[in-house]
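Q: Please take one part of this model and go through it closely, for someone who has not seen it before. Start from a single pair of residues, work outwards to the sheet around it, and then say what else can be found elsewhere in the chain.

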Amino acid sequence: MWRLPGARVALRGVRAAVERHSRTEAAIETAAVSMERAVVRCVPSEPKLSLSFALADGSHKNMQRDQSEPLGRALSRIATNALKGHAKAAAAKKSRKNRPNASGGGACAGPGPEPTAACEPVVKLYYREEAVAEDVLNVDAWQDGAVLQIGDVKYKVERNPPAFTELQLPRYIMAGFPVCPKLSLEFGDPAGSLFRWYREAKPGSAEPEGGGPSSLSPSSPYPSWTETGVDERVYTPSNADIGLRLKLRCTPGNGQRFGPSRELESVCPVEAGPGTCTFDHRHLYTKKVTDDTFIRTVSYNILADTYAQTEFSRTVLYPYCAPYALELDYRQNLIQKELTGYNADLICLQEVDRSVFTDSLEPALEAFGLEGVFRIKQQEGLATFYRKSKFSLLSQHDISFHEALESDPLHKELLDKLVLNPSAQERVFQRSSVLQVSVLQSTKDSSKKICVANTHLYWHPKVY
């Protein structure tokens, strides 16, 4: 056998180089994970980009810069902000140092040298380990994965990460009724996001999950929280949650990466629910979504809040209802639970307030796989929801009855009959009644379509 004395040395060199490369890559990955985050939002339709990051002194900076501005100007502004932050931190530290002690004596520290004035930190932007030239425009300079260095601190640049543009919990929460946050995302979707629910630790309870002081600990003025074990968008409080507030931690995502997390705390504690409702018995027959050969439809006049909060409603129409039962926040909980419990494929709603659609029904039903369209009349309107796994919306048409009667020759025969009853004709033309038409297509078979018509017709016993 031939022996090559240099081969073993060469192999050892290669092995050492590979190990060094592996250690370098691991170090880079560790550094990236431990880096601070600098979030850049840059969309072509807007003239400015936003840059958000936290300085070493703890202050958070949100900057708006022109996309067409040279990078050097943005870096100079960042350096100025960092210098101001350092000066404020130094002044606060000096103030604490010179503060009299608790016994009323003089300053705790003796005389010493004054701190030297801070210099403006070096601010650089790197991409693929190379400094980005200062004449490069902001729109091209701030790339995803770049590294912003401010003094000794490095930030990993995240361009257009998933982010919440709106995040809100309902004001009124009841035990036994699903809680669904209203949310809107940019560069992400709810299905790719993470949710985690917490409840306020009970007064006098043991240490919360994860350690820390209890909610009555004199050492902390803030409440502590325990995990509920629910990691889904919708949380249904139990009787054990009554009297406690809820907290939701949300991390926006898009299936590939995640954006900055946000936390929400409920304004009010969970209240007791009304007990068994009439719809609970109906839900026994609608526990599951129907298969693709069936369509389950629900139609419901949910009573617009503008009509519920009148003296006529309270004393004549609904005198049997306690005042709290007509309050919108209370009714919304019942409406959401009833509608979601039917597992319907199509839902047609009448007397829907615009705010109820956008703030309550749309986010709640969207969390259960339904998408909705809305048509306002005057003070309230119509809403149609369809199951996204079964249907896609091809087109939507809103038809005003009195306009169609007057302008469309197809309705001439009906108009001629209506003219014979002037009182009825006057009332019809005064009404804002509309027909909301949604044309849907099957997601399983594109040749199958369905036309859904939703309306709220006017009726008066003295006329008809």
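A: Valine 40 stands opposite leucine 51, a residue of strand 2. The model is a predicted one, and every value below is computed from it. The pair belongs to the contact between strand 1, residues 36-41, and strand 2, residues 48-54. These two strands run antiparallel and are joined by three bridges.

Strand 2 also pairs with strand 3, again in the antiparallel sense, here through seven bridges. One position along this contact is serine 50, whose bridge partner in strand 3 is glutamine 64. Strands 2 and 3 make a hairpin, with five residues between them. In the turn of that hairpin sits glycine 58, which has a positive phi of about 95°.

As a general matter, the strands of a sheet pair through backbone hydrogen bonds, and they do so either parallel or antiparallel. The sheet considered here has a mixed pairing. It is open and consists of seven strands, in the order 3-2-1-7-6-4-5. Its edges are strand 3 (60-66) and strand 5 (130-131), each of which pairs on one side only.

In the sheet order, strand 7 follows strand 1. A salt bridge is found between glutamate 158 and arginine 37, with the closest N and O atoms 2.9 Å apart. Glutamate 158 lies in strand 7 (residues 153-159) and arginine 37 in strand 1, so the pair, 121 residues apart, links distant parts of the chain; strands are runs numbered from the N terminus. The count of salt bridges comes to 26.

Next come the pockets. In general, rolling a probe the size of a water molecule over the atoms shows where empty space is left. The largest pocket has a volume of about 650 Å³. It is lined by 20 residues, and those closest to its centre are Tyr307, Glu351, Glu380, Arg431 and His456. By class, this lining has eight nonpolar, eight polar and four charged residues. Helix 6, residues 311-317, gives the most to the lining, with three residues.

Phenylalanine 312 lies in helix 6. Together with Val316 and Leu317, Phe312 forms a nonpolar patch on the surface, and the three have about 290 Å² of accessible area together.

The second largest pocket holds about 470 Å³ of space. Its lining has 19 residues, of which Tyr300, Cys321, Ala325, Arg331 and Leu334 are the closest to the centre. Helix 4 (278-283), strand 14 (297-301) and helix 7 (328-341) each supply at least two residues of this lining. Helix 7 gives the most, with five. The lining of the second largest pocket divides into 14 nonpolar, two polar and three charged residues.

Definitions and conventions:
Residues are numbered from 1 along each chain as its sequence is written. This is a predicted model: local features need pLDDT of at least 70, side-chain atom pairs count only at pLDDT 80 or more; totals for chains, interfaces and linings use all residues. Side-chain values use heavy atoms; hydrogens and water are left out. On a 1 Å grid over the protein atoms alone, a cavity is a set of points where a 1.4 Å probe fits but cannot get out, and a pocket is an open set with protein on both sides within 12 Å along at least five of seven lines; lining residues have an atom within 4 Å of a point. Grid points are joined across faces, edges and corners, and a volume is the space filled by probe spheres set on the points. Helices (H or I, at least four residues) and strands (E, at least two) are DSSP runs, numbered from the N terminus. Ala, Val, Leu, Ile, Met, Phe, Trp, Tyr, Cys and Pro count as nonpolar, Asp, Glu, Lys and Arg as charged, and the others, Gly among them, as polar. Patches are made of residues with over 30% relative accessible area and no salt bridge: like charges are joined within 9 Å, nonpolar side chains (Val, Leu, Ile, Met, Phe, Trp, Tyr) within 5 Å. Accessible areas come from the Shrake-Rupley method with a 1.4 Å probe; for residues, only the protein chains shown count as cover. A salt bridge is a side-chain nitrogen of Lys or Arg within 4 Å of a carboxyl oxygen of Asp or Glu. Two strands pair if DSSP finds at least two bridges between them.
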